[in-house]
Amino acid sequence: MPGTPLEEAEAENVRAIRQLVRLMKRYDLTAIDFVEGGTQIRLRRRGPETSPVVSTQSVPQPPPTATLVAAQPPALPAAPAAPSGVVIESPMVGTYYASSSPDAAPYVSIGTNIRTDSTVCVIEAMKVFTDIPAGLNGTITEILVKSGQSVEFGQPLFRVNPA
Amino acid sequence: MSDTYSKQWKVERFDTLDSTNDEARRRVLAAAPSGRTVIWADRQTKGRGRGSNVWWSDEGSLTFTLAIDPRHERIEPSQEPLMALVSASSCVRVVERLLGRAISIRWPNDIEIDGRKLAGILVERVETPTGPWLLIGIGINVSSNLDVAGTAIRTRATSLAESGLGRIRPDTRRRWRLYVLLKLLSEVAYQVDGLSNDSDPLCDFFEPRDSLAGQAVRIQQGEKVIEGRGCGINPDGSLRLMTDGGLTAIYGGQVLRD
């Protein structure tokens, strides 16, 4: 049964993104800018084994490591000091879980020392539970989400004081 | 990534395990298996489901976990979230052939017959020192005695025997479990290869079996509940939900049952 024009356009966008991702992998491309009519798709890829970052749509993308972003310095000297450290962002859309089960201890808490390969949380998308590794060495200084919360691609999850 | 990876299933059977997913996790973290691996237990003492849910099973249940390396299987990272759906569709194909009747899927991976759950699937992506592995835990009620499982399970679950296969004699239970396992291994291998070739779109298979299509659906995401009407799935596996705010793609959360 055909969907509405809006639904079909969305499905077509998803198909186009998947096709472009395959092309990036096949030809080892690190960037694609695709423009057709009113549709613009920008894809960036960090390396041959990492997943592309899709900027037009939040398709779940379980990557080898979480995305790390340095905290911004204060804009003005008189402004309140921005939290220091590095932010671990969600690498995918889904539901954030702090532990492997509600009865289990959380993977990390404030003050936990983490290594690059430490699992910091699990994110579930479509009943696939993905371990999220820290991606850096350091100490957790702030947890920015609650267990069970829905998270978006790029949403800050933890603040970390790098080692 | 190891150069050698066997696509022949290597099956390891245990009388009892805490959880086949937990054993598979321990295996892949200790050392990368040499290829497709099956951890099969006659009995689980701590069978897991989603969150705090436990997976009830008895000697009539088939419980196992498949461990596969997504890179050797040529599964793109963007396709990994589809693995629960792929596994569910594999189970459905096998069960439909066994029973000779259509059965339904409740997004993303509950397999139901007449509204009762026949099989459960738990997929985990584990980071290991040598790269990611996918663990696909499957529990299917072959000839389970649901009368002793408690009211909550009794009213919501079914088995192959109850759903048309007929009574299975105790002395043939093991043979039946092995038969279903072998059928499933063959089908999962075929579906995984199909996924890497991007053939046979899942949404086409899903559509006529979608138990949420046209139904009022509530999705719990943390403290938030999203309400809408089921409109099938997108090619990326997300649920299409028509809400008051328009068509929404749902990637996570729990479908609430009334």
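B:Arg74 is exposed, at 64% relative accessibility. This residue sits in the loop between S3 and helix H2 (83-99) of chain B. B:Arg74 is not a glycine, yet has a positive phi of about 60°. The model is predicted. The points below cover backbone geometry, the two chains, the domains of chain B, helix H1 of chain B and the salt bridges.

**Unusual backbone geometry in chain B**

- B:Asp114 also has a positive phi, about 50°, without being a glycine.
- B:Asp114 belongs to the loop between S5 and S6 of chain B.
- The relative accessible area of B:Asp114 is 67%, so the residue counts as exposed.
- The peptide bond between B:Trp107 and B:Pro108 is cis, with omega about -5°.
- B:Pro108 is in the loop that runs between strand S4 (104-106) and strand S5 (110-113) of chain B.

**Chain A**

- Chain A has 1 helix and 12 strands.
- The helix comes at the start of the pattern, which reads α-β-β-β-β-β-β-β-β-β-β-β-β along the sequence.
- Of the 163 residues in chain A, 42% are buried.
- Take the contacts in chain A between residues at least 6 apart in sequence: 50% of them join residues at least 24 apart.

**Chain B**

- Chain B has 6 helices and 12 strands.
- Of its 258 residues, 58% are buried.
- Among contacts in chain B with a separation of 6 or more, 66% are between residues 24 or more positions apart.

**Domains of chain B**

- The domain assignment splits chain B into domain 1 (3-205) and domain 2 (212-255).
- Taken over C-alpha atoms, the centres of domain 1 and domain 2 of chain B are 25 Å apart.
- Contact between the domains involves 6 residues of domain 1 of chain B and 13 residues of domain 2 of chain B.
- How much area do domain 1 and domain 2 of chain B bury between them? The figure is about 870 Å², with 69% of it on carbon and sulfur atoms.
- On the side of domain 1 of chain B that touches domain 2 of chain B, 4 residues are nonpolar, 2 are charged and none is polar.
- The rule finds 0 salt bridges across this interface of domain 1 and domain 2 of chain B.
- It finds 1 residue pair in polar contact across the interface, with both residues at pLDDT 80 or more.

**Helix H1 of chain B**

- Helix H1 of chain B covers residues 20-30.
- Which residues of this helix are buried? They are B:Thr20, B:Asn21, B:Glu23, B:Ala24, B:Arg25 and B:Val28.
- What do the buried residues of H1(B) pack against? One partner comes from chain A, strand S9 (128-133). The partners from chain B are strand S1 (6-17), strand S2 (35-44), strand S3 (61-68), strand S6 (116-128) and strand S7 (131-141).
- At the start of H1(B), a side-chain oxygen of B:Ser19 comes within 3.2 Å of the backbone nitrogen of B:Asn21.

**Salt bridges**

- Over all chains, a search of the whole structure finds 26 salt bridges.
- Within helix H1 of chain B, B:Arg27 and B:Glu23 are 4 residues apart, about one turn of the helix.
- B:Arg27 and B:Glu23 form a salt bridge, with the closest N and O atoms 2.9 Å apart.
- B:Glu23 is buried, at 12% relative accessibility. B:Arg27 is partly exposed, with a relative accessible area of 28%.
- B:Glu23 and B:Arg27 also belong to a network of salt bridges that includes B:Glu12, B:Asp18 and B:Arg26.
- B:Asp42 and B:Arg13 form another salt bridge, with 2.7 Å between the closest N and O atoms.
- This pair links distant parts of the chain: B:Asp42 is in strand S2 of chain B and B:Arg13 is in strand S1 of chain B, 29 residues apart.
- Is B:Asp42 buried or exposed? At 12% relative accessibility, B:Asp42 counts as buried. B:Arg13 is partly exposed, at 36%.
- In chain A, the side chains of A:Arg115 and A:Asp117 form a salt bridge, 3.5 Å from N to O.
- A:Arg115 has 55% relative accessibility and therefore counts as exposed.

Key
Residues numbered from 1 in each chain as written. Chains lettered and ligands numbered in written order. Predicted model: local features only at pLDDT ≥ 70, side-chain atom pairs only at ≥ 80, totals over all residues. Heavy atoms only, no water. Domains from an automatic or database assignment. Contact = heavy atoms within 4.5 Å. Buried area = accessible area lost by both parts, 1.4 Å probe. Salt bridge = Lys/Arg side-chain N within 4 Å of Asp/Glu carboxyl O. Polar contact = N/O pair within 3.5 Å; in protein donor to acceptor, adjacent residues only side chain to side chain. Nonpolar A, V, L, I, M, F, W, Y, C, P; charged D, E, K, R; others polar. Helix = DSSP H or I, 4+ residues; strand = E, 2+ residues; numbered from the N terminus. Buried < 20%, exposed > 50% of the residue type's maximum accessible area, 1.4 Å probe, protein only.
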